[in-house]
Amino acid sequence: MAQKSSLLAILKAIIMVIFLPITLIWIVWKKTDWEKRNKWIATAAVVVVFLFMIPSDEKKDPVEQKAATQAENQVRSENQSTETVATEVEQLAGDQKEEMQKPEGEIFKVAHVVDGDTIKLENGQVVRYIGIDTPETVDPRKPVQCFGKEASSKNKELVEGKEVRLVKDVSETDKYDRLLRYIYVGDIFVNDYLARNGFAKSSTYPPDVKYQEQFKKAEEEARINKRGLWAEGACQTETAPEEKTPASSPAPSTQAPAPASVTAPVQSTTPSSTGTFACNCSKTCPQMSSCAEAQYQLNVCGCTRRDADHDGIACDADCQ
């Protein structure tokens, strides 16, 4: 095969170097009626052209040139394949990482922020954040606690009026029929954010404990860096969140105790004014001006329809 290629190369060289230029020179001298001087100029031009053509044409053996081209193409193809595989692997890793960071969930729009760890959706459902507990602001059995307003304001800044992604752990709802969920808005894991920035502390309620270690570390980070309610002087005169009155312990009521003869005025069709609010058992929870009024209607006026689950808290959905 190599010998045949060499013979072809020699034959090509003979044609190019001898036969073709001689033919052109013969045509110039025999077939033209040019002056002799012009014929010599044309002959010299043919010789010069072929002298330049011969080296460039014979720089590489055709077989070697073909082999070099094939090798170059193969290297290029291998590089492209390697780059493609690397891109696919990187994309797959990125997708897997994103999937791990953003677990699947349902998208809802937040209509109202109840407090630092509770929201109300546009469909009317109330959602309680899993794994964290912010200072109280709306529980009628407890005073507004240190950093409660700040936590509520931050939660409102993060989610109110926005579309959020709700992710379930194990439980569907709590005893107050509130959805138990992890909350994501954009790339922010809201439960973690509130704990990590000192607006909440971690709070474990099995079986919903998927991220509990993460929340504990987030709270510890806030404590160490003195953020939020852990900042120096943040709660000098108020009780810190960890000293909250347990739900099972009796708590001092912020409202006046119900009088013994409260039943009589409740049945009256004309509301009677006592203190700040007027008794009116026909008012529904959305019509109440505040949770304090709702509790007043229950405790003072005896409007028991506002306490459907008989836990002593009026309008549970809005005032937990």
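## Exercises on a predicted model

Lys226 sits in the loop between helix 6 and helix 7 (263–267). The model is predicted. Work through the exercises in order.

**Exercise 1.** Find the sign of phi at Lys226, then classify the residue as buried, partly exposed or exposed.

*Solution.*
- Step 1. Phi of Lys226 is near 50°, so the sign is positive, and the residue is not glycine.
- Step 2. Most residues other than glycine have a negative phi.
- Step 3. Partly exposed covers the range between 20% and 50% relative accessible area. Lys226 has 44%, so it is partly exposed.

**Exercise 2.** Repeat the analysis for Asp177.

*Solution.*
- Step 1. Asp177 belongs to the loop between strand 5 (163–167) and strand 6 (179–185).
- Step 2. Its phi is near 65°, again a positive value in a residue other than glycine.
- Step 3. Exposed means over 50%. Asp177 reaches 59%, so it is exposed.

**Exercise 3.** Decide whether the peptide bond from Pro206 to Pro207 is cis or trans, and place Pro207 in the fold.

*Solution.*
- Step 1. Omega is near 10°, and the bond is cis.
- Step 2. Most peptide bonds are trans.
- Step 3. Pro207 is in the loop between strand 8 and helix 6.

**Exercise 4.** How many aromatic pairs does the structure hold? Classify two pairs that involve Phe189.

*Solution.*
- Step 1. There are 9 aromatic pairs.
- Step 2. Tyr182 and Phe189 have ring centres 6.0 Å apart and planes at 75°. Planes over 60 degrees apart count as edge-to-face, so this pair is edge-to-face.
- Step 3. Check burial. Tyr182 has a relative accessible area of 1% and is buried. Phe189 is buried too, at 12%.
- Step 4. For Phe189 and Tyr211, the centres are 5.2 Å apart and the planes at 70°, so this pair is edge-to-face.
- Step 5. Phe189 lies in strand 7 (residues 188–189), and Tyr211 in the loop between strand 8 (201–202) and helix 6 (212–224). The pair therefore ties together parts that are 22 residues apart in sequence.
- Step 6. Both Phe189 and Tyr211 are buried.
- Step 7. Ring pairs link Tyr182, Tyr184, Phe189, Tyr211 and Phe215 into a cluster.

**Exercise 5.** Which rings have the arginines Arg165 and Arg223 over them?

*Solution.*
- Step 1. The charged end of Arg165 sits over the ring of Tyr184, 4.6 Å from its centre.
- Step 2. Arg223 lies over the face of Trp230, and the distance to the ring centre is 3.9 Å.

**Exercise 6.** Place Ile27 in the fold and on the surface.

*Solution.*
- Step 1. Ile27 is in helix 1 (residues 2–30).
- Step 2. At 37% relative accessibility, it counts as partly exposed.
- Step 3. Ile27 helps make a nonpolar surface patch of about 640 Å², along with Leu11, Ile15, Phe19, Leu20, Leu24 and Trp26.

Terms used:
Residues numbered from 1 in each chain as written. Predicted model: local features only at pLDDT ≥ 70, side-chain atom pairs only at ≥ 80, totals over all residues. Heavy atoms only, no water. Phe/Tyr/Trp six-rings, centres within 6.5 Å; stacked < 30°, edge-to-face > 60°. Buried < 20%, exposed > 50% of the residue type's maximum accessible area, 1.4 Å probe, protein only. Helix = DSSP H or I, 4+ residues; strand = E, 2+ residues; numbered from the N terminus. Lys NZ or Arg CZ within 6 Å of the ring centre and 35° of its normal. Patch = residues over 30% accessible without salt bridge, like charges linked within 9 Å, V, L, I, M, F, W, Y side chains within 5 Å. Areas by Shrake-Rupley, 256 points an atom, 1.4 Å probe, with all protein chains shown as cover. Salt bridge = Lys/Arg side-chain N within 4 Å of Asp/Glu carboxyl O.
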